[in-house]
Amino acid sequence: MVKIKFCDDVDSDPREHFKVMENFKKIHHMMMKIPLPDGLSSSDFFLLSTLLFKCDKCATGMQVSVIAEKMHISAPAVSKTLSTLEERGLIERSVDMNNRRNTWVKITEKGEQSVLNAHNYIDTYMDDVVKRMGEDNLHKLYELILMLRTTFEEKLNEEKEKISEHD
């Protein structure tokens, strides 16, 4: 077994780091498979949530490009999901009269109700997970994950600074 020295007082098996990352990935995939009410897929849920909770001009809706940016996915992927949601009456699309290349997307009342139902279901689901895991354990895990993320961000910024110094 190969050992890597990460710092002066810690030897670590590199496979352990991959196991941690693999488990994060598995948890993420399981969360995406939580069966949501009203037949919503995880993509539907996140797009509707974006429209409901991150819409700056809810009277007119949100442009497809803005949805894609907020969700960190491509505009074609957004458009594909929007087609399904529109067919189901969960969103409405309209052409921007000032620039016909832009499309405005607005959540319908039915869409709002579906996403709120899903949020309530997820809250109940996660409450059960917390009860099974124990609130203290979950809090400790959250703190450790936050610490790990912060450490990754700091290291990434340090590496970016090193690279920019050499340019």
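Let's start with the largest pocket, which has a volume of about 540 Å³. Keep in mind as we go that this is a predicted model. Fifteen is the number to remember for the lining: of those 15 residues, the closest to the pocket centre are Ile27, Met31, Met126, Leu138 and Leu141. If you want to find the walls on your screen, look for helix H1 (14-32), helix H5 (109-133) and helix H6 (135-166), the elements that each give two or more residues to the lining. Which of them gives the most? That is H6, with six residues. As for the chemistry, the lining of this largest pocket divides into 14 nonpolar residues, no polar ones and one charged.

Now please move along to the second largest pocket, with a volume of about 260 Å³. Its lining is made up of Val20, Phe24, Leu144, Ile145, Met147, Leu148, Thr151, Phe152, Lys155 and Leu156. Here the elements that give two or more residues are H1 and H6. Once again H6 gives the most, this time with eight residues. By class, the second lining has eight nonpolar residues, one polar and one charged.

A quick word on how to think about pockets in general: rolling a probe the size of a water molecule over the atoms shows where empty space is left.

Let's turn from empty space to aromatic rings. How many aromatic pairs does a search of the whole structure find? It finds two. As background, a pair of aromatic rings is described by the distance of the centres and the angle of the planes.

Take phenylalanine 45 and phenylalanine 46. They form an edge-to-face pair, 5.3 Å from centre to centre and with 70° between the planes. Are these two residues buried or exposed? Phenylalanine 45 has 6% relative accessibility, so it counts as buried. Phenylalanine 46 has a relative accessible area of 37%, so that residue is partly exposed.

The other pair is tyrosine 121 with tyrosine 125. Their ring centres are 6.3 Å apart and the planes are at 40°, so this pair is tilted. Where do the two tyrosines sit along the chain? They are four residues apart in helix H5, so about one helical turn separates them. Tyrosine 121 is partly exposed, with a relative accessible area of 34%, and tyrosine 125 is partly exposed as well, with a relative accessible area of 34%.

Next, the strands. Please find strand E5, residues 103-107, which pairs with strand E3, residues 62-63, in the antiparallel sense over two bridges. One contact to look for there is glutamine 63, whose bridge partner in E5 is tryptophan 104. E5 also pairs with strand E4, residues 91-95, again in the antiparallel sense, over five bridges. In that pairing, glutamate 92 has lysine 106 of E5 as its bridge partner.

Let me finish with the core. In soluble globular proteins, nonpolar side chains tend to be buried together. Here, the largest nonpolar core has 22 residues, and those with the most contacts inside it are Leu47, Leu48, Leu51 and Ile67. Which elements give two or more residues to this core? They are helix H2 (42-53), helix H3 (64-71), helix H4 (75-87), E5 and H5. You have met two of those names already: E5 came up as a partner of E3, and H5 is the helix that holds tyrosine 121 and tyrosine 125. Thanks for listening, everyone!

How values were computed. Residues numbered from 1 in each chain as written. Predicted model: local features only at pLDDT ≥ 70, side-chain atom pairs only at ≥ 80, totals over all residues. Heavy atoms only, no water. 1 Å grid on protein atoms, 1.4 Å probe; cavity = no way out; pocket = protein on both sides within 12 Å on 5 of 7 lines; lining within 4 Å. Points joined across faces, edges and corners; volume = space filled by probe spheres on them. Nonpolar A, V, L, I, M, F, W, Y, C, P; charged D, E, K, R; others polar. Phe/Tyr/Trp six-rings, centres within 6.5 Å; stacked < 30°, edge-to-face > 60°. Buried < 20%, exposed > 50% of the residue type's maximum accessible area, 1.4 Å probe, protein only. Pairing = 2+ DSSP bridges. Core = buried A, V, L, I, M, F, W, Y, C linked by side-chain atoms within 4.5 Å.
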